[in-house]
Amino acid sequence: MEIKIALAGNPNSGKTTLFNTLTGSRQRVGNWPGVTVEKKEGTVKNDHDLLIQDLPGIYSLSPYSLEEVVSRTYLVHERPDVILNIVDATNIERNLYLTTQLLELDIPVIVALNMMDVVEDQIDPKKLSEQLHVPVVEISALKNKGIDELLVQIKKVSTKKGQQFLPFTEDVEASVSFVEKLLPHLECPRWYAIKVLERDERVDEEMNFSHDIKKEISCQIDHLEEIYDDDTESLITNERYAQIAQIIAKAVKKSKGKHALTLSDKIDKVVTNRILALPIFILIMYCVYTIAMGSTPISIGTMGTGWANDVLFGEWIPGAVDSMIGALHLNPILGSLIQDGIVAGVGATLGFVPQILVLFIFLSILEDCGYMARVAFIMDRLFRKFGLSGKSFIPLLVATGCGVPGIMASRTIEQDRDRKMTIMTTGFIPCGAKMPIIGLFAGAIFGNSSLVATSAFVIGIAAVIITGIMLKKFKAFAGEPAPFVMELPVYHMPSIHNVLHSTWERGWSFIKRAGTLILLSSIVLWFLQSFGFVNGAFTLVEDNNHSLLASIGNAVSWIFYPLGWVGDMAWKATVATFTGLIAKEEVVNTFGVLYNHAGELSEAGDEIWALVAADFSAVTAYSFMIFNLLCAPCFAAMGAIKREMNNPKWTLLSIGYMCGFAYVCAMIVYQIGGLLLGEVSFNVFTIIAIVLLAGMIYLLFRKGYQPESEAISTRELKFRTSKS
Amino acid sequence: MPLVFAQLDIPYVIKRISGKDAVRTHLRNLGLVESETVIVRQSIAGNLIVEIKGVRLALDEGLGRRIMV
């Protein structure tokens, strides 16, 4: 018989490690229905009857964050057979706060006391078990200790009916019992009764009490609030901490020197230091990027990508495919489809995998050891100035590698509007695949100046800031970013298993798109490029100026006329922009094909520099670069936006905004920049560009929508009206 | 006084957390409750790292102003 076990615990309590230890690789990852909170489940390694469902890391069952709402809805309505509560022994007081709430659900609870090896014999598990009325098993998730014992206890507990709770003080307990009697028949009446007393909005909605019952309840609430001179929510919190204090007094030996500086504190004194914090962060990121993407002898990422591009997808696979095509005597058109379409297209993307993986390994290490939480803290002050919180920084940082995991990283942001804004701006950051575009123009037109790459980052960051400030003034985004409060985990050695696991998860989503979207679009692109109308007949074309792609490019290139994409280069730039939607690295590849370069093109396209230089001026190069850096990201990133926004309207709005913003910026740069350099004469688009610039400045500096004071939440308003 | 003015590495007792919104509840769930001892470990231009119940929490300046010690 299947036993459903819910794994619950605080963030940073070792929950993920325990889940991975228990289930091994038999995991299914999905989303909780209707929300973008990750849902993981898996069966236990040697016992497939035990189904473990991983709840998000939470501090309580109050509805502050999406994670808490998801967890409590699951526990209250799906009713697992057992709750496995992981408790961090090094931080037992705060961890038990969630435990006191789990005990009220009337589902058998078992406590896994993690990291007992760190606190040694300060905690007495037997006494703790007596106090909580649940089995307590000492484990070390990291060292795989105590897991067998845990499984034995889980099976034992699963036959138990219900769960004993910890009583509150008399007055509170009386009110809870009173409210319990008013409730309809429910599976965990005590939990509901407490939530009703706390004025939990979601529970109120669910219960839909009659007027009389509401009156009786608010009478009870008033009664309690009068006795304790505090609101019920606070006094119940206090009750819980009082329960915990009693338990701690009996089961935990207080360690001496509680307020001494730990090693972690000492590290924090340096890395979050007012003056040193930023330089240290920049130095760390500089090292990470040098190793992942630089061109030095230690840049293993670049070496890997070089090998993949030149050897694996440059010789081995095309060679093998060539001989296969030869041996099977395939039709040359089919051969060209496989070789020029699929292998070249998919290979271009897979070539980036080594760089991306190296980058992700480092980001995972920084995350696992606890540094990323500090980075969010350091950046909060700065980001608050343009309407984002420090938590938005991590998605932007990850996006410098690849936008897809960057957009996915926005999940940890609690507030909906902050999360939406982060998703909308993440695509502006130059990702690894946009680097070749920058390389091409830096080489072809600007004499390889490193200022061009720097300017690309400045453009990306400026786009984030401008967007942040502009959007904040609209009603949908108005209001302060959510207050920043975040636990800083103790620094620790990263676990190899966790690092590899999260690197793989992120890397895999990148590889997967090469196999699906890019494969498909490579085929379409190949078709459009290889066929066309010559003298009115539809045929395979030699000169790609006659291809379908050229016809389409020519037909729509007028759109980009105001951006200065005129003359011969217009359709090429247009087509390259469209292929860039498949993957940004396709832009340079497309130029290679369109400028009729025979043979393999180097990453930055050195071979076609002269031809590109003949077609582009400095201003048109920037207009093209800006548009391509800022417009809709690749299909894979758009897919990620769709998934994270979880709403078609917002998905379209984000992508539309990016394209519109890119277009406006590119036009302003070309028209006004060109006018100043004497390259463009004054024309109707100059006026439009000036108007757009003025409009943008207006949007940046206007007063904007002023939300009503947020110190009073809707909950508070209800509370007030009910009292008055 | 508000926690933002507290000196580093000296224990203070929380007297009051003002406001009554969801954020306050969240702070309490994280262990920031009245009569608990709190130590400010780091302060960058008002943003704080505090130690409470053996845990380190990062708080922005706005929250630091709402916690009276």
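This report describes a predicted model with chains A and B, from the domains of chain A to the contact between the chains.

**Domains of chain A**

The domain assignment splits chain A into four parts, listed here with their residue ranges.

| Domain of chain A | Residues |
|---|---|
| domain 1 | 3-158 |
| domain 2 | 170-251 |
| domain 3 | 277-435 + 447-513 |
| domain 4 | 514-701 |

Domain 1 and domain 3 of chain A touch. Nine residues from domain 1 and eight residues from domain 3 take part. On the domain 1 side, helix α1(A), residues 15-23, gives the most, with three residues. That side of domain 1 holds three nonpolar and six polar residues, and no charged ones. Taken over C-alpha atoms, the centres of domain 1 and domain 3 of chain A are 32 Å apart.

**The nonpolar core**

The largest nonpolar core has 213 residues. Which of its residues touch the most other members? They are A:Ala112, A:Ile626 and A:Leu630. Take A:Ala112. Leaving out residues up to four places away in sequence, A:Ala112 touches A:Leu18, A:Leu84, A:Ile86, A:Val87, A:Val137, A:Ile139 and A:Leu150.

**A buried helix**

Helix α8(A) spans residues 189-197. Why is α8(A) largely enclosed by the rest of the structure? Seven of its nine residues are buried, so the rest of the structure largely encloses it. The buried residues are A:Trp191, A:Tyr192, A:Ala193, A:Ile194, A:Lys195, A:Val196 and A:Leu197. They pack against five helices of chain A: α2 (66-78), α7 (170-182), α9 (201-207), α10 (211-228) and α11. Just after α8(A) comes A:Arg199, with a positive phi of about 60 degrees.

**An exposed phenylalanine**

A:Phe538 sits in strand β10(A), residues 537-540. Is A:Phe538 buried or exposed? A:Phe538 is exposed, because 10 other C-beta atoms lie within 10 Å, and a residue with 12 or fewer counts as exposed. Apart from neighbours within four places in sequence, A:Phe538 is in contact with A:Phe531 and A:Phe533. Another phenylalanine, A:Phe178, is 360 residues from A:Phe538 in sequence. In space, the two are 83 Å apart, C-alpha to C-alpha.

**Where the chains meet**

Now the contact between the chains. Chain A brings 35 residues to it, and chain B brings 31 residues. On the chain A side, the elements that give two or more residues are α3 (92-102), α11 (232-251), α12 (263-271), α17 (371-384), β8 (485-488) and α32 (714-723). The largest share, five residues, comes from α11(A). By class, the chain A side has 12 nonpolar, nine polar and 14 charged residues.

**A sheet shared by both chains**

Strands of a sheet pair through backbone hydrogen bonds, either parallel or antiparallel. Here, five strands form an open sheet with antiparallel pairing. What is the order of its strands? The order is β8(A)-β5(B)-β4(B)-β3(B)-β1(B). The edge strands are β8(A) and β1(B), residues 11-13, and each pairs on one side only. From one strand to the next, the twist averages 35 degrees.

Strand β8(A) pairs with β5(B), residues 55-59, over four bridges in the antiparallel sense. In that pair, A:Met486 has B:Ala58 as its bridge partner. Next in the order is β4(B). Strand β4(B), residues 47-52, runs antiparallel to β5(B), and five bridges join them. Here B:Val50 stands opposite B:Leu57 of β5(B).

Technical notes: Residues are numbered from 1 along each chain as its sequence is written. Chains are lettered from A and ligands numbered from 1 in the order in which they are written. This is a predicted model: local features need pLDDT of at least 70, side-chain atom pairs count only at pLDDT 80 or more; totals for chains, interfaces and linings use all residues. Two residues are in contact if their C-beta atoms, placed from the backbone, lie within 7 Å. Ala, Val, Leu, Ile, Met, Phe, Trp, Tyr, Cys and Pro count as nonpolar, Asp, Glu, Lys and Arg as charged, and the others, Gly among them, as polar. Two strands pair if DSSP finds at least two bridges between them. A nonpolar core is a set of buried Ala, Val, Leu, Ile, Met, Phe, Trp, Tyr and Cys residues joined through C-beta atoms within 7 Å. A residue is buried if 20 or more other C-beta atoms lie within 10 Å of its own, exposed if 12 or fewer, and partly exposed in between; C-beta atoms are placed from the backbone. Axes are lines fitted to C-alpha atoms, for helices over the stretch in contact, and angles run from 0 to 180 degrees between N-to-C directions. Domain bounds come from an automatic or database domain assignment.
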